[in-house]
Every structure is written in C-alpha cells, then in structure tokens.
Amino acid sequence: VPLTVMLVGLADFRRLTGPVGEAASSSLLVEIADRLQRCLPSEDSVARLEGDEFALLLHTDARSAERVATQILA
C-alpha cells in the first residue's frame with residue numbers, strides 16, 4: 001500500500017495569536033484540524049506537529065495526494 005506524508009503549514013498564523021488571544025487561536029487550530037480530517041478518507045490521519053504545522057498520512061499514491069492537496073486549498 002503506497003503512503004504519502006503531506007506537511008501543511010499555515011502562513012502567518014502566529015500573527016493572529018496576539019490580537020485574538022491564545023484560547024481563540026487554539027480553538028481555531030482544532031477547527032482547522034477537523035476540517036483537514038474531513039478532506040481525507042477515513043483511513044487517513046491528521047496530526048498537529050507543533051504551532052501551526054500539521055502532518056497528513058495518506059494511504060494513497062502521489063497523484064491522489066495531489067488531488068487531496070487541491071481540495072484542501074479550495
């Protein structure tokens with residue numbers, strides 16, 4: 001079974017922490033993780049690495065992973 005690891009970083013997310021506060025930015029990160037998971041088939045996983053970085057483990061080849069990336073960006 002082919003596996004693909006995709007790394008997702010949120011551009012300029014740290015700038016948001018100051019104005020909205022730590023609790024609100026943490027809640028937003030949880031929501032983002034949930035939305036990422038909804039873009040994936042049930043056998044795939046999302047993990048928060050640190051800060052605003054996530055890793056996605058996809059049980060698919062690179063071509064299918066590209067479609068997932070396009071869906072995430074949309």
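**Colleague's note: a three-stranded sheet and its surroundings**

1. Met6 stands opposite Leu56 in strand E3. Strands here are DSSP runs of E with at least two residues, helices are DSSP runs of H or I with at least four residues, and both are numbered from the N terminus. Before going further, a word on the source: this is a predicted model, in which local features need pLDDT of at least 70 and side-chain atom pairs count only at pLDDT 80 or more, while totals for chains, interfaces and linings use all residues. Residues are numbered from 1 along each chain as its sequence is written, and side-chain values use heavy atoms, with hydrogens and water left out.

2. How confident is the predictor in the protein chain? The mean pLDDT (the predictor's confidence in each residue, from 0 to 100) is 89, and 100% of the residues reach 70 or more. Among the elements, E3 has the highest mean, 96, and helix H1 (residues 14-20) the lowest, 77.

3. For the overall layout, the chain has three helices and three strands, in the order β-α-α-β-β-α along the sequence. Its C-alpha atoms fill a box of roughly 45 × 20 × 20 Å along the principal axes. Of the 74 residues, 27% count as buried, meaning under 20% relative accessible area; exposed is over 50% and partly exposed lies in between (1.4 Å probe, protein chains only). Among contacts (heavy atoms within 4.5 Å) with a separation of 6 or more, 52% join residues 24 or more positions apart. The chain exposes about 5,100 Å², with carbon and sulfur atoms supplying 55% of that area; the areas come from the Shrake-Rupley method with a 1.4 Å probe, and for residues only the protein chains shown count as cover.

4. The sheet is open, has three strands in the order E1-E3-E2, and its pairing is antiparallel. Two strands pair if DSSP finds at least two bridges between them. E1 and E2 (45-50) each have a single partner strand and stand at the edges, so one side of each has no neighbour in the sheet. On average, neighbouring strands are turned by 25 degrees against each other, direction ignored. Axes are lines fitted to C-alpha atoms, for helices over the stretch in contact, and angles run from 0 to 180 degrees between N-to-C directions.

5. E1 is worth a closer look. Six bridges join E1 to E3 (residues 53-58), and the two run antiparallel; Leu7, for example, stands opposite Ala55. In a regular strand, side chains alternate between the two faces of the sheet. Which residues of E1 (residues 4-9) are buried? Thr4, Met6 and Val8 point to one face and are buried, whereas Val5, Leu7 and Gly9 point to the other and are not. Helix H3 (residues 62-73) lies across E1 and E3, at about 25 degrees to E1.

6. Thr4 and Thr60 make a nice pair to inspect. Thr4 is in E1 and counts as buried because its relative accessibility is 16%. Thr60, in the loop between E3 and H3, is buried too, with a relative accessible area of 15%. The side chain of Thr4 reaches the backbone oxygen of Thr60 at 2.8 Å, while the side chain of Thr60 makes a polar contact with that of Ser64 at 3.2 Å. (A polar contact is a pair of N or O atoms within 3.5 Å; within protein, one must be able to donate a hydrogen and the other to accept it, and residues adjacent in sequence count only if both atoms are side-chain atoms.) Beyond neighbours within four places in sequence, Thr4 touches residues including Leu56, Asp61 and Ala65, and Thr60 is in contact with Pro2, Leu3, Thr4 and Ala65.

7. On the other edge strand, Val46 is in E2 and is partly exposed at 21% relative accessible area. Val46 and Ala33 are 13 residues apart in sequence and 6.8 Å apart in space, C-alpha to C-alpha. Leaving aside neighbours within four places in sequence, Val46 is in contact with Ala33, Leu36, Gln37, Leu40, Phe54, Ala55 and Leu56.

8. Finally, a backbone point to check. Most residues other than glycine have a negative phi. Asp12, in the loop between E1 and H1, has a positive phi of about 60 degrees although it is not a glycine. Asp12 counts as exposed because its relative accessibility is 55%.
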